[in-house]
Amino acid sequence: MKQIKGISIFDMQILAMLSMVVDHVTFPFFSKTAPLAIAARCFGRFAFPLYAFMLAEGYRHVRDDAERIIKHVGILLILTVISEIPFDLMEFSQKTLSIYPLSKVNWEQSVMLTLLLGYASLIAIDKCWEKYSTYVVFFVIVACLITYWSHSNHCLSGVLLICSLYLYLKHAEKKKYLRRVGELLLLFVFYIPIYHWAKMRLCGMEKFITTFTSIIFFPRYITLLFVPFLLAAYKGQQGYHAPWFKKMYVFFYPAHALIIGILRHIPGM
């Protein structure tokens, strides 16, 4: 990347973790329509695009190192497995489980499944596109469908965003800041309605418009339009990356979900 004054991967990691914690703490403990909750969840919208961007950028740097790719897939697979119980604890309260039988609860999967399949899609695009483009498209579609049918967070829109950001990063190096902002804004203009449509389980147009423009969702989507300005400021540097921080960052998701989940199931919380 062209060396300009901007943000590093470390800056993104801190912001992603902070926005994710704010979002996840707000969800179980505050009313959806409270002004503070609306503002907090708007801030929380920064998390996934940042993680998606860093995943795509990380793959771009290891794409020629098979050993590191396998290592990254292994880490994502482990995180997908160990994050599920903490995620369920965080997502579902005792009240929900007492009202609905387990068979009727709309069980969701953590975002780690979306990140895993998104990363697998990057491998397919990078390694097989030139000779087997039709199969690559089929693979990405299957990855999207798996995330959708399994109710994984960010589901098919997440996989598509990861792939789109990877393709953007392949050609963003020599472009000026405003050009990068413009391309990312265009990407997010398409991403936001797809994300909402998938979140609403591919609902009809009337429900789509009603929910999209609601006080709960519309402010979040306006906030998402600020993300391209942040991503375009990426200066192509890792920044601070001490071993202890790298390990903490890797296991931050299941650890924070477990803590919030335990707190949520304490009587009176």
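In what follows, contact means heavy atoms within 4.5 Å. The structure here is a predicted model, where local features need pLDDT of at least 70, side-chain atom pairs count only at pLDDT 80 or more, and totals for chains, interfaces and linings use all residues. Residues are numbered from 1 along each chain as its sequence is written, and side-chain values use heavy atoms, with hydrogens and water left out.

**Around T114**

Let's start with T114, which sits in helix α7. Helices here are DSSP runs (H or I, at least four residues; strands are E, at least two), numbered from the N terminus. Is T114 buried or exposed? It is buried, with a relative accessible area of 0%; buried means under 20%, exposed over 50% and partly exposed in between, using a 1.4 Å probe and protein chains only. Setting aside neighbours within four places in sequence, T114 is in contact with F48, T147, S152, N153, H154, C155, G158, V159 and I162. In space, the C-alpha atoms of T114 and L160 are 9.9 Å apart, while in sequence these residues are 46 apart.

The T114 side chain also makes polar contacts, meaning pairs of N or O atoms within 3.5 Å; within protein, one must be able to donate a hydrogen and the other to accept it, and residues adjacent in sequence count only if both atoms are side-chain atoms. One partner is the side chain of S152, at 2.6 Å. Another is the backbone oxygen of N153, which lies 2.7 Å from a polar atom of the T114 side chain.

**S110 and T80**

S152 and N153 turn up again beside S110, whose contacts, leaving out neighbours within four places in sequence, are S83, E84, F87, S152, N153 and Y253. S110 belongs to the loop between α6 (94-99) and α7, and at 0% relative accessibility it counts as buried.

Over in helix α4 there is T80, buried with a relative accessible area of 13%. Which backbone oxygen does the side chain of T80 reach? That of M112, at 3.3 Å. Not counting residues up to four places away in sequence, T80 touches M112, L113 and L116.

**Salt bridges**

A salt bridge is a side-chain nitrogen of Lys or Arg within 4 Å of a carboxyl oxygen of Asp or Glu. By this rule the model has nine salt bridges. Here are some of them.

| Pair | Closest N to O distance |
|---|---|
| D23 and R45 | 2.6 Å |
| R63 and D64 | 3.6 Å |
| D126 and R63 | 2.6 Å |

Take D23 and R45, whose side chains meet in a salt bridge. This pair links distant parts of the chain: D23 is in helix α1, R45 is in the loop between α2 and α3 (47-62), and they are 22 residues apart. Both D23 and R45 are buried.

R63 appears in two rows of the table, with D64 and with D126. D126 lies in helix α7 (residues 111-149) and R63 in the loop between α3 and α4 (66-82), so the pair ties together parts that are 63 residues apart in sequence. How accessible are these residues? D126 counts as buried at 15% relative accessibility, R63 is partly exposed at 29%, and D64 counts as exposed at 70%. R63, D64, D126 and K127 are linked in a network of salt bridges.

**Helix α2 and the cavity**

In α2, the buried residues are A37, I38, A40, R41, C42 and G44. What do the buried residues of α2 pack against? They pack against α1, α3 and α11 (218-224).

A cavity is a set of points, on a 1 Å grid over the protein atoms alone, where a 1.4 Å probe fits but cannot get out; lining residues have an atom within 4 Å of a point. Grid points are joined across faces, edges and corners, and a volume is the space filled by probe spheres set on the points. By this rule, there is one cavity of 30 Å³ or more. The largest cavity has a volume of about 40 Å³, and its lining consists of T26, F27, F30, K32, A37, R41 and R220. The elements giving two or more residues to that lining are α1 (9-29) and α2 (35-44).

By class, the lining of the largest cavity has three nonpolar, one polar and three charged residues. For these classes, Ala, Val, Leu, Ile, Met, Phe, Trp, Tyr, Cys and Pro count as nonpolar, Asp, Glu, Lys and Arg as charged, and the others, Gly among them, as polar.

Key
On a 1 Å grid over the protein atoms alone, a cavity is a set of points where a 1.4 Å probe fits but cannot get out, and a pocket is an open set with protein on both sides within 12 Å along at least five of seven lines; lining residues have an atom within 4 Å of a point.
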